[in-house]
Amino acid sequence: AGSVADFKVADLSLADFGRREIKLAEHEMPGLMALREEFGPQQPLAGKKIAGSLHMTVQTAVLIETLSALGADVRWASCNIFSTQDHAAAAVVAGPEGSADDPKGSSVFAWKGETLEEYWWCIEQLLTWPDGSGPNSIVDDGGDATLLVHLGAEYEAAAAVPEGLPSDAEEHLIVLDVLRRSLADNPGKYTEMAKFITGVTEETTNGVNRLYRLARDGKLLFTGINVNDSVTKSKFDNKYGIRHSLIDGINRGTDVMIAGKLAVICGYGDVGKGAVASLRGQGARVVVTEADPICALQAAMDGLKVVTLDEVVSSGDIFITTTGNRDIIMADHMAGMKHNAIVGNVGHFDNEIDMAGLAKVPGIRKTEIKPQVHEWAFPDGHSIIVLSEGRLLNLGNATGHPSFVMSCSFANQTLAQISLYDPDQVYGLDVYTLPKYLDEKVARLHLPALDAHLTTLTKVQADYIGVEVSGPFKPDHYRY
Ligand code: NAI
């Protein structure tokens, strides 16, 4: 590798620290390391320009270096203003063979505590190589990079403000400004860019929802691969990942004793199930809100009280949103909470908690306890504690999911990127999930590290249940 042409991180001198943690993470990411070994010699991503918009953490560093090891030319940005680990970002720029003084890694545009304006600037840099060209594929988490390309192309085609700009008023104007500048300086930039993009591999529930909507409306400009709904992603990262990192965020943010407290989890999907396990593990009394009767029944049969938020707003001690939906905890709710109730979100976007409404409460006072922990004092004298300003607290107050579970997610990402360039794969303008044999492969790669021993079916047994001895072991409609 040569020297890194362009990048922007907080402090390149953190690279050695980052590298030491990346080394530890590699040991905990057997899926990614196995894929390096398997595909390294073939270089299936040789010369492909991959733009990644995904939390710039130590674990993501191992993904980036895996894509590079398979031949890709990678640029990266974070998909959240608070989620970057600055030492990881520095180490990726330095690269495994370079150093802070002689960086030889990948171009990263990410630091912890970006403004929204800086965030979208980073996404623009992500999508533009120094020679002016764009990516061949995108790794996305939440779909902001994909969104910008689609909004840009739509704006260029119609010269009218496209639908689908972020709903937050400030962010709306920032993205519109990005589009206007681009149209003035380089008309046709995003239309042209989209033509060279083979596809996007999308990491999370919210981003996947965006992709299906674009496909449904006939607006999708390139193939989407839904990584989230690989079983080895959503049933592991969303659930076991949150079980680990939610409690980590609450502890680092507040250090409050959780045992015995009343915790309210909004949403009992994959993330909600992990969140409940996280707080129950600490001895909290946990209740759940749900809109979907199936998930509500699951919660009830898991022994949880299913309530509406209004029923518990004045008795809850800890409130966590996990819905991927908007307007879950509103300013009025927070006005009625106990003194020093903790409010946080682990859904992808920051509109689950009505932060804008909170700021507008007459006479409210906001005090920073420390970065990403704020006390909001209401005029009646009671306060609440908001974590990460309503954004993903497991990444804002802690360091996100641990390496091992991210190895499952990122092995899916790597296989999805390889599959986009596989000449034998024919993809259209639609959204696809990876085939089950790859899902099972990802799981298989992680079993030895946990000393898990698989039972091998006999031929008679395999025939009896109608599968091959080597799998796949379930039909596609099986739900796990
Ligand atoms: P999911 O669709 O499995 O679960 C969301 C649940 O919320 C659904 O069961 C839905 O019925 C429920 N819900 C929707 N509106 C509601 C309302 N008004 N009140 C109560 N419940 C409501 O989605 P999943 O996979 O659990 O993801 C949830 C969010 O977490 C998404 O935004 C996803 O992108 C994000 N995510 C965050 C991670 C992190 O590290 N913080 C990791 C993985 C996903």
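A residue counts as buried here when its relative accessible area is under 20%. The model is predicted, and each stop below gives a selection followed by what is there.

**Stop 1: strand S4**

Select residues 137-140, which form strand S4. Ser137 and Val139 lie on one side, Ile138 and Asp140 on the other, and all of them are buried, leaving both faces of the strand covered. In a regular strand the side chains alternate between the two faces of the sheet.

Now add the two neighbours of S4. Strand S1 (residues 49-53) runs parallel to S4 and is joined to it by four bridges. One pair to display is isoleucine 50 with serine 137, its bridge partner in S4. Strand S5 (residues 199-202) is also parallel to S4, again with four bridges. Here valine 139 stands opposite threonine 201.

**Stop 2: aspartate 144**

Move on to helix H6 (residues 144-158), where aspartate 144 is found. Its relative accessible area is 6%, so aspartate 144 is buried. Show the side chain of arginine 210 as well: a polar contact of 3.0 Å joins it to the side chain of aspartate 144.

**Stop 3: the ligand**

Select the ligand and the residues within 4 Å of it. There are 27 residues in this shell, and the closest are Thr204, Thr205, Asn206, Val271 and Glu290. By class, the shell has 15 polar, seven nonpolar and five charged residues.

Three helices each supply at least two residues of the shell: H9 (205-216), H11 (237-254) and H12 (270-280). Which helix gives the most to the shell? H11 does, with three residues.

Three atom pairs between ligand and protein can be labelled:

- Asparagine 238: a polar side-chain atom lies 3.0 Å from an oxygen atom of the ligand.
- Aspartate 270: a polar backbone atom is 3.2 Å from an oxygen atom of the ligand.
- Valine 346: a polar backbone atom is 2.9 Å from a nitrogen atom of the ligand.

On its own the ligand has 850 Å² of accessible area, and the protein covers 82% of this.

**Stop 4: annotated positions**

Select the residues that UniProt, in an unreviewed entry, lists under "binding site": Asn238, Gly267, Tyr268, Gly269, Asp270, Val271, Gly272, Glu290, Asn325 and Asn394. Two glycines from this list can be compared by location and accessibility.

Glycine 269 sits in the loop between S7 and H12. Its relative accessible area is 26%, so glycine 269 is classed as partly exposed. Glycine 272 is in helix H12. With a relative accessibility of 0%, glycine 272 counts as buried.

An annotation over a longer span comes from the unreviewed UniProt entry too: "domain: S-adenosyl-L-homocysteine hydrolase NAD binding", covering residues 238-400. Select that span and place a distance between its end C-alpha atoms, which lie 11 Å apart. The span is 34% helix and 23% strand.

**Stop 5: the eight-stranded sheet**

Colour the strands of the open sheet in the order S9-S8-S7-S10-S11-S14-S13-S12. The pairing among its eight strands is mixed. Where are the edge strands? They are S9 (305-306) and S12 (365-370), each of which pairs on one side only.

Within the sheet, select S7 (residues 262-266) together with S10. The two pair in the parallel sense over four bridges. Isoleucine 265 stands opposite isoleucine 320 in S10.

**Stop 6: strand S11**

The last selection is S11, residues 341-345. Is this strand buried or exposed? Five of its five residues are buried, so S11 is largely enclosed by the rest of the structure. Ala341, Val343 and Asn345 point one way from the strand, while Ile342 and Gly344 point the other way.

Show the strands that S11 pairs with. S10 (residues 318-321) runs parallel to S11, with four bridges joining them. In this pair, asparagine 345 is the bridge partner of threonine 321. Strand S14 (residues 383-387) is parallel to S11 as well, and three bridges join the two. For isoleucine 342, the bridge partner in S14 is isoleucine 385.

Conventions
Residues numbered from 1 in each chain as written. Predicted model: local features only at pLDDT ≥ 70, side-chain atom pairs only at ≥ 80, totals over all residues. Heavy atoms only, no water. Polar contact = N/O pair within 3.5 Å; in protein donor to acceptor, adjacent residues only side chain to side chain. Areas by Shrake-Rupley, 256 points an atom, 1.4 Å probe, with all protein chains shown as cover. Nonpolar A, V, L, I, M, F, W, Y, C, P; charged D, E, K, R; others polar. Buried < 20%, exposed > 50% of the residue type's maximum accessible area, 1.4 Å probe, protein only. Pairing = 2+ DSSP bridges. UniProt positions renumbered as here; feature names shortened; annotations may be inferred.
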